[in-house]
Amino acid sequence: MLESSHLVRGVDHAAFPTFDPAGTVRFYRDVLGFPVVHSICAAGWGPEDHPDFIHFFFDIGNDDRIAFFYYFGLEAPDRSAGKGDVYARFDAGTPEFFVRSRHLALHVDSEDHLMEYRRRLDASEWPVEMQIQHETIESIYTHDPNGYMVEITRALRPVTPQEDLDANLTIDALVDIVQHPGHSMDDLLLRKAELIVERAEQWQETGPVMS
């Protein structure tokens, strides 16, 4: 039944504005090696005050693409104050971890592939800023010419069905507690434990079912 099917098959493209198209091409095409696969030249598009623009796409593998808009004559924002990229600026006092949470992550298959991208970046204008092993992945990070944080990551091991179940319990608990002001991590863990108790009998009969 279509009504209950997962029909999406990946990312067609993620799109971002750029005020530095030359730097963007150098970063994605010339440094990372992502070929340009499509472009749209839009003149006289939209309302009278809409600038002409070019929309261009890079192949990031698996039939997925990353795309950028460059608007002719549109003045770049003042980036001398605050934090963030050309699209989202935060106050100078915003925690760095919050600013960096807005990023694009690209997947590779092996440590050798990850290190090859590290080599390319370290030899460029945009060297790797961090290399971190998380719970199930290892990642390198840098910022592209627009200030967007870009992560390239590899899996350290497969994610287990038990972890998928735990993730669903965690998110269900989160959705429940954020409806109440002043919620905390303790509230999340308590609600998650309650959900385990509530669903245990059903799991014994039918097995765990993801939301």
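Ser184 is partly exposed, at 33% relative accessibility. Ser184 sits in the loop between α4 and α5, and its C-alpha atom is separated by 9.8 Å from that of Leu174, ten residues away along the chain. The model is predicted. The points below cover the two nonpolar cores, the salt bridges, the largest pocket and some single residues.

**Nonpolar cores**

- The largest nonpolar core consists of 23 residues. Tyr28, Leu32 and Phe68 have the most contacts inside this core.
- Six elements each supply at least two residues of the largest core: the helices α1 (21–31) and α3 (111–122), and the strands β3 (53–61), β4 (64–71), β7 (103–108) and β10 (149–155).
- Outside its neighbours within four places in sequence, Tyr28 is in contact with Gly33, Phe34, Phe58, Ile66, Phe68, Asp144 and Val150.
- A second core, separate from the largest one, has seven residues. Among them are Leu165, Leu169, Leu195 and Trp203.

**Salt bridges**

- The structure contains 16 salt bridges. Side chains of opposite charge can pair when their charged atoms come close.
- Lys192 and Asp166 form a salt bridge through their side chains, with an N to O distance of 2.6 Å. This pair links distant parts of the chain, 26 residues apart: Lys192 belongs to helix α5 (residues 185–206) and Asp166 to helix α4 (residues 161–177).
- Is Lys192 buried or exposed? Lys192 has 14% relative accessibility and therefore counts as buried, the cut-off being under 20%. Asp166, at 37%, is partly exposed.
- Asp172 and Arg199 form a salt bridge at 3.1 Å, N to O. Asp172 is in helix α4 and Arg199 is in helix α5, 27 residues apart, and the pair links distant parts of the chain.
- Asp172 counts as buried, with 18% relative accessibility. Arg199 counts as partly exposed, with 22%.
- The side chains of Asp176 and Arg191 meet at 2.9 Å, N to O, in a salt bridge. Here too distant parts of the chain are linked, with Asp176 in helix α4 and Arg191 in helix α5, 15 residues apart.
- Asp176 is partly exposed, at 25% relative accessibility.
- Which residues are linked with Asp176 in a network of salt bridges? The network joins Asp176 to Arg191, Glu194 and Glu198.

**Largest pocket**

- The largest pocket has a volume of about 150 Å³.
- Its lining is made up of Gly33, Phe34, Pro35, Asp59, Ile60, Gly61, Leu106, His107, Val108, Tyr117 and Ile152.
- Strands β3 and β7 are the elements that give two or more residues to this lining.
- How many residues of each class line the largest pocket? Seven are nonpolar, three are polar and one is charged.
- Gly33 and Phe34 belong to the lining of the largest pocket, and both are also in contact with Tyr28.

**Loop between β3 and β4**

- Most residues other than glycine have a negative phi, and most peptide bonds are trans.
- Asn62 is not a glycine, yet has a positive phi of about 60 degrees. Asn62 lies in the loop between β3 and β4.
- With 66% relative accessibility, Asn62 counts as exposed, since the cut-off for exposed is over 50%.
- Asp63 also has a positive phi, of about 65 degrees, and is not a glycine. Asp63 is located in the loop between β3 and β4.
- Asp63 counts as exposed, at 75% relative accessibility.

**Asp186 in helix α5**

- Asp186 is part of helix α5. Its relative accessible area is 60%, so Asp186 is exposed.
- How far apart in space are Asp186 and Arg118? The two residues are 38 Å apart, C-alpha to C-alpha, and 68 residues apart in sequence.

Note on methods: Residues numbered from 1 in each chain as written. Predicted model: local features only at pLDDT ≥ 70, side-chain atom pairs only at ≥ 80, totals over all residues. Heavy atoms only, no water. Core = buried A, V, L, I, M, F, W, Y, C linked by side-chain atoms within 4.5 Å. Buried < 20%, exposed > 50% of the residue type's maximum accessible area, 1.4 Å probe, protein only. Helix = DSSP H or I, 4+ residues; strand = E, 2+ residues; numbered from the N terminus. Contact = heavy atoms within 4.5 Å. Salt bridge = Lys/Arg side-chain N within 4 Å of Asp/Glu carboxyl O. 1 Å grid on protein atoms, 1.4 Å probe; cavity = no way out; pocket = protein on both sides within 12 Å on 5 of 7 lines; lining within 4 Å. Points joined across faces, edges and corners; volume = space filled by probe spheres on them. Nonpolar A, V, L, I, M, F, W, Y, C, P; charged D, E, K, R; others polar.
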